[in-house]
Amino acid sequence: MTVQALSGLRVLDLCWVVAGPAVGRVLADHGAEVVRVESSTRLDTARLIGPFHDGAPTAESSILYGDVNAGKLGLTLNLRLEQARDVLRDLVRRSDVVLESFSPGVMDGWGLGYDELRALNESVIVLSTSLMGQTGPLGTFAGYGNIGAAMSGFQSLVGWPDRVPFGPYGPYSDYVAPRFALVILLAALDRRAETGEGCHIDVAQVETAAYFLAPQIADCLTSGHVAGRMGNRDPELAPHGVYPSSDGRWVAIAVRGDEDWRALAEQLGVSDERFATTSGRLAHVDELDDRVGEWTARQPAAAVEALLQEHGVPAHVAIDSETAIDDAQFRSRAHFVELEHELYGKTVVQGSRYRLSGTPAVVDRSAPTLGRDNDYVLHDLLGYDDARIAALDVVGALT
């Protein structure tokens, strides 16, 4: 049996929604034991976000929740009770990593701030991920990833120049922040292996998203130019957009330079010298987009994609949820994984985000239903006897 890259790593996951749980999901994929703590008295928002199994929203049917929590153990604790917090302290004592995404100050208010956790486990690595970070004038500001997209600058950049901004789809920063968090967490584990020291990592989700606008920010600092909405266009490439097809689908096309343009122009039957250079194409971009759109609209999307790719022009059909499932590239890489589910028989999650040749990821267990692994975590991992577990249950600590 192949040993996984993170086998033996013990992780306590106190995160919710997407930005935090996505970090724990990667750790679980690569062999870490991840104990996810949540409460039925205040459901994780991700449990209430679709899509849902059978189209019926329940606390257990969210496919989004299932995707970011696959492979984890599930323990229910009502952390408003001191008895539940004592259980959490016992978990901290045996954990290498603690992940948390509460609003800044919540953990401190429970007596579970970094200093308290470090006193329980000197080498523990605590990763806190929040919208604005743990400090600063907006450190206590709470919100979701759509607010993160606005505060990092993306909301004002997505859309058309003559219309109101509508921003990127969904909670943009929730999907960017985990990638940054994972890298710094792995670096902290390397450091601990060398020094034996733990640390506290503070990930501000808005800042991670803002890094992706570094070119626009640098441009503003040096030239004063403020980037604005351009639809699907590019400031340096033309044509560059998403165009209609005869079968109701759309095709993304990006012409990188004059060679690409000559290949596309041959298919369009266009020999206009105004379009021969990038500067000329940018100067006549409206007319150019109309011509490309008229040409693509007469053909099926897949035919446009195949023809342009054959001639070296970057083009791809804009896939949707339905066509993604059948996409040949995704299928060849086993991007979608079917798992057994105790309530629905089967569920589907995304495969590992990373592929390691010598220590491949394993995705083989669905996300926990509420309290699914209480007995295992309390009995087997913490060594509690039946009487102690019953006492916790009586006071409502295990809800």
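Where is proline 51 found? In this predicted model, proline 51 is found in the loop between E2 and helix H2 (63-69). The legends below begin with this residue and then turn to the sheets, the helix pairs and the domains.

**Figure 1. Two cis peptide bonds precede prolines in loops of the predicted model.** Glycine 50 and proline 51 are joined by a cis peptide bond, with omega at about 5 degrees. The loop that holds proline 51 runs between E2 and helix H2 (63-69). A cis peptide bond also leads from alanine 238 to proline 239, and its omega is near -5 degrees. Proline 239 lies in the loop between helix H9 (214-223) and E7.

**Figure 2. Valine 17 has a positive phi.** The phi of valine 17 is about 65 degrees, although this residue is not a glycine. Valine 17 has its place in the loop between E1 and H1.

**Figure 3. Six strands form an open sheet with parallel pairing.** The order of the 6 strands is E3-E2-E1-E4-E5-E6. Strand E3 (73-76) and strand E6 (199-204) are the edge strands, and each of them pairs on one side only. On average, neighbouring strands of this sheet are turned by 20 degrees against each other, with direction ignored. Strands of a sheet pair through backbone hydrogen bonds, in either a parallel or an antiparallel manner.

**Figure 4. Strands E1 and E2 run parallel, and helix H3 packs on their sheet.** Strand E1 (residues 10-14) is joined to strand E2 (residues 33-38) by 4 bridges. Within this pair, valine 11 stands opposite valine 34 in E2. Helix H3 (residues 82-93) packs on the sheet and touches E1, E2, E3 and strand E4 (97-100). The direction of H3 makes about 145 degrees with that of E1.

**Figure 5. Helices H1 and H7 cross at roughly 50 degrees.** The axes of helix H1 (residues 21-29) and helix H7 (residues 172-195) come within 9 Å. At this crossing angle, H1 and H7 are therefore oblique to each other. Their crossing is right-handed. H1 contributes Ala22, Val23, Val26 and Leu27, which meet Pro178, Ala181, Leu182 and Leu185 in H7. By class, this contact of H1 with H7 has 8 nonpolar residues, no polar residues and no charged residues.

**Figure 6. Helices H6 and H7 cross at roughly 80 degrees.** Here the axes of helix H6 (residues 145-152) and H7 come within 6 Å. H6 and H7 are therefore roughly perpendicular to each other. On the side of H6, Gly145, Gly148 and Ala149 take part, and they meet Tyr172, Ser173 and Asp174 in H7. Sorted by class, the contact of H6 with H7 has 2 nonpolar, 3 polar and 1 charged residues.

**Figure 7. Three strands form an open sheet with antiparallel pairing.** The order of the 3 strands is E7-E8-E9. Strand E7 (240-244) and strand E9 (315-317) stand at the edges, each with a single partner strand, so one side of each is left without a neighbour in the sheet. Neighbouring strands of this sheet are turned against each other by 20 degrees on average, direction ignored. Strand E8 (residues 250-254) pairs with E9 in the antiparallel sense over 3 bridges. Valine 251 has valine 317 in E9 as its bridge partner. Helix H12 (residues 285-296) packs on the sheet and touches E7 and E8. The direction of H12 makes about 35 degrees with that of E7.

**Figure 8. Helix H10 packs with helix H12.** Helix H10 (residues 258-268) and H12 pack at an angle of about 55 degrees, and their axes are 10 Å apart. This angle makes H10 oblique to H12. The crossing of H10 and H12 is left-handed. Trp261, Leu264, Gln267 and Leu268 in H10 meet Leu288, Arg291, Val292 and Trp295 in H12. The classes in the contact of H10 with H12 are 6 nonpolar, 1 polar and 1 charged residues.

**Figure 9. The protein chain is assigned to domain 1 and domain 2.** According to the domain assignment, domain 1 comprises 10-212 + 333-394, while domain 2 comprises 240-326. The centres of domain 1 and domain 2, taken over C-alpha atoms, are separated by 41 Å.

Technical notes:
Residues numbered from 1 in each chain as written. Predicted model: local features only at pLDDT ≥ 70, side-chain atom pairs only at ≥ 80, totals over all residues. Heavy atoms only, no water. Pairing = 2+ DSSP bridges. Axes fitted to C-alpha atoms, helices over the stretch in contact; angles between N-to-C directions. Contact = heavy atoms within 4.5 Å. Domains from an automatic or database assignment. Parallel < 35°, antiparallel > 145°, perpendicular 65-115°, else oblique. Left-handed = near helix turned anticlockwise from the far one by under 90°. Nonpolar A, V, L, I, M, F, W, Y, C, P; charged D, E, K, R; others polar.
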